[in-house]
Amino acid sequence: MRSAIAIGLLLLGAVGPALGDDASVARCGRRKISAIARGCRDRLRAEARFLHDADAVAHAQRVEAIAGRLVTTWAQAETEAGDIRCATDTADGAAAAARLDAAVSATLTGLSGPTECRRALVRLWAPLCRVAIATERALLRGRSDAAAARAAAVTRLRGRIAARWPAPGCTGGITPDEAALAVLRLASGAAGDATTRGLRTVAAELGRAVGAAVEPDEVASDATYAAALAHDMGSLTAENAMKWGVVHPQPDQWAFGPADAVVALAETSGQRVRGHTLVWGAMQLPGYVDGAATAAELRNYMADHIAGLVSRYAGRIAQWDVVNEPLPGTLDPPTPDGLDDNVFRRLLGHGYVEEALRLARTADPAARLYVNENGIEVPGPRQDRFYQLVQDLLAAGAPLDGVGFQAHLGLIPPAQYPDGAVIEASLRRFADLGIEVELTELDVTLLFRPGDLPTRFAFQGDYYRAVVAACVAVPACRGVTTWGLSDQYTWLRSFFGVTDWPLPFGDAWERKPAYFGMRAALLQGLLAGG
Ligand code: G3I
């Protein structure tokens, strides 16, 4: 694992004049892809041999040699690239080798059946893993037919499995499709470690957005932050800059500076903008709003605020979180109608949500309008109440285009880390209403997770992969936004005064397993179709 200081020094060059150029970085990526493609083939061949001769000592030596070759080849690529992005945009060689080793072992652990059958399957997988990973080379070369070539390669891969099915000695057990998915899952993880393509590029191929919430002043004061955003993020959310208390502190006073900075930053890098948030009854509400005495007064404030803010960015903000957290906080006492007891609910009734949506639609007909909530990733009374609210809004003809699943995961026991399948089912439940869904504030806290940091980061990496895969599996899930990009700026540290590591980048801007887990999930969506 590279030291944080080394990474920091490495990265400083990334934003200054990189020694090489994009072509040298792509060439580096192709070399790393080829190395790990051979690594996967050889690693599976070693497993097939071990299933045959059960020679544990020789097997261990072969496994070590395979990892050594991969690490050496990656180091050579980094040395020859003449651009530090060759190192920073991919996983560390030793980490990639270790993850490949663990993934191959996990794949075999999942196999059942006679040794002859498992061996035949592993021997069949070996060349296919190399082929599947190697499809990323064409994308790194920027070939216009690269996606078609990848699809053709996957079709041939599936055909070769089907043509040899059932593998010798196999009766029952996994199906050809499951066998194909297993090798494509292996390949996605390996390619996710080795490619130099940013998250935003891979996500865009899937027609999805990957983004982060940002504070513009933090980006302005941290050049490495700006470079990472430009390379990896296709969407920006204003973490606080567009909140009522920040942008409209008095009825006749607007403070658009930070909000303008977020929009300008996004437009500089061709990024989508998520506006957050027009109406939030619980936090950062100006005193004049929270203290409104009548429905008419509050209605006037809300109409003025939404018209003034949304129209300013009409056509430039793709989505608005029109209402944030209409339900009570997960730790708050329940309320009679299940909605948060805030000034909007008290003075305007539950219809305030629909009113806010209609005001936003009028101010910018092009923007996609969302209601955003936390704690709805898992089934239960909270998700049901939110589902009822969404159904009521749709039944009333409210201009609701989507719902945001905040996905602050690991925070609220006991459903701290819901399985990817559970999250996928929740996303699908709302998507089946005919609306879009997004993961809008994803972070995975490690506060309550036992183990040393590398162990917790490894868990976090697998979990980010499962969560992003849940979104990828649901066509109506349009994007994944993390709530911040680097641990150093996470709200969890400032808000709770704790040290936590919930995000894809570490304190020195090193890409953590979480980052590579996200890229693996996106590549799996491209290779295996979800
Ligand atoms: O900017 C002021 C600064 O001038 C002042 O000196 C300082 C100390 O009082 O406060 C600063 O404002 C803080 C702001 O973050 C910017 O750092 C507020 O006090 C603080 O309450 C605010 O916390 C934000 C929180 O929402 C409440 O708005 C977090 O950064 C932000 O990450 C968090 O994000 C929310 C989403 O909007 C909705 N979903 C939940 C998510 C996490 O709570």
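Q: Why does Arg299 count as partly exposed in this model?
A: The model is a predicted one, and in it Arg299 has a relative accessibility of 36%. Buried requires under 20% and exposed requires over 50%, so a value of 36% falls in between and Arg299 counts as partly exposed.

Q: What makes the contact of Glu355 and Arg299 a salt bridge?
A: The side chains of Glu355 and Arg299 meet with 2.8 Å from N to O, and because the rule asks for a side-chain nitrogen of Lys or Arg within 4 Å of a carboxyl oxygen of Asp or Glu, the pair qualifies. Glu355 belongs to helix α17 (residues 352-363) and Arg299 to helix α15 (residues 295-312), so this salt bridge ties together parts that are 56 residues apart in sequence. Glu355, at 22% relative accessibility, is partly exposed.

Q: How do you know that Arg49 and Asp53 form a salt bridge, and where do they lie in helix α2?
A: The closest N and O atoms of Arg49 and Asp53 are 4.0 Å apart, which is set against a cut-off of within 4 Å, and the pair is listed as a salt bridge. Arg49 and Asp53 are 4 residues apart in helix α2 (residues 22-53), so about one helical turn separates them. Arg49 has a relative accessible area of 48% and Asp53 one of 32%; because partly exposed covers values between 20% and 50%, both residues are given that name.

Q: Why is Arg197 called buried, whereas Glu205 is called partly exposed?
A: Arg197 has a relative accessibility of 9%, and since buried means under 20%, the name follows. Glu205 reaches 30%, so with the limits at 20% and 50% it is partly exposed. The side chains of Arg197 and Glu205 form a salt bridge at 2.6 Å, N to O, and Glu205 also forms one with Arg150, where the closest N and O atoms are 2.7 Å apart. Arg150, Arg197 and Glu205 are linked with Glu136 in a network of salt bridges.

Q: What makes domain 1 and domain 2 neighbours in contact, and how many residues take part?
A: The assignment gives domain 1 as 17-197 and domain 2 as 198-233 + 406-530, and 25 residues of domain 1 are in contact with 18 residues of domain 2. About 1600 Å² of area is buried between these two domains, with carbon and sulfur atoms giving 52% of it. Of the area that domain 1 buries against domain 2, Arg150, Ser188 and Arg197 supply 36%, more than any other three residues. The interface of domain 1 and domain 2 is also crossed by 3 salt bridges.

Q: Why is strand β8 described as mostly covered?
A: In β8 (residues 436-444), 9 of its 9 residues are buried, and because buried means under 20% relative accessible area, each of these residues lies below that limit.

Q: How do you know that β8 pairs with β6, β7 and β9?
A: Pairing needs at least two bridges. Strand β6 (residues 402-405) is joined to β8 by 4 bridges in the parallel sense, with Val403 partnered by Val437. Strand β7 (residues 408-409) is joined to β8 by 2 bridges, again parallel, so the number is exactly the minimum that the rule accepts. β8 also pairs in parallel with β9 (residues 477-482) over 4 bridges, and Leu442 has Thr482 as its bridge partner in β9. With helix α20 (residues 453-472), β8 and β9 make a right-handed β-α-β unit.

Technical notes:
Residues numbered from 1 in each chain as written. Predicted model: local features only at pLDDT ≥ 70, side-chain atom pairs only at ≥ 80, totals over all residues. Heavy atoms only, no water. Buried < 20%, exposed > 50% of the residue type's maximum accessible area, 1.4 Å probe, protein only. Right-handed = clockwise from strand over helix to strand, strands pointing away. Domains from an automatic or database assignment. Contact = heavy atoms within 4.5 Å. Buried area = accessible area lost by both parts, 1.4 Å probe.
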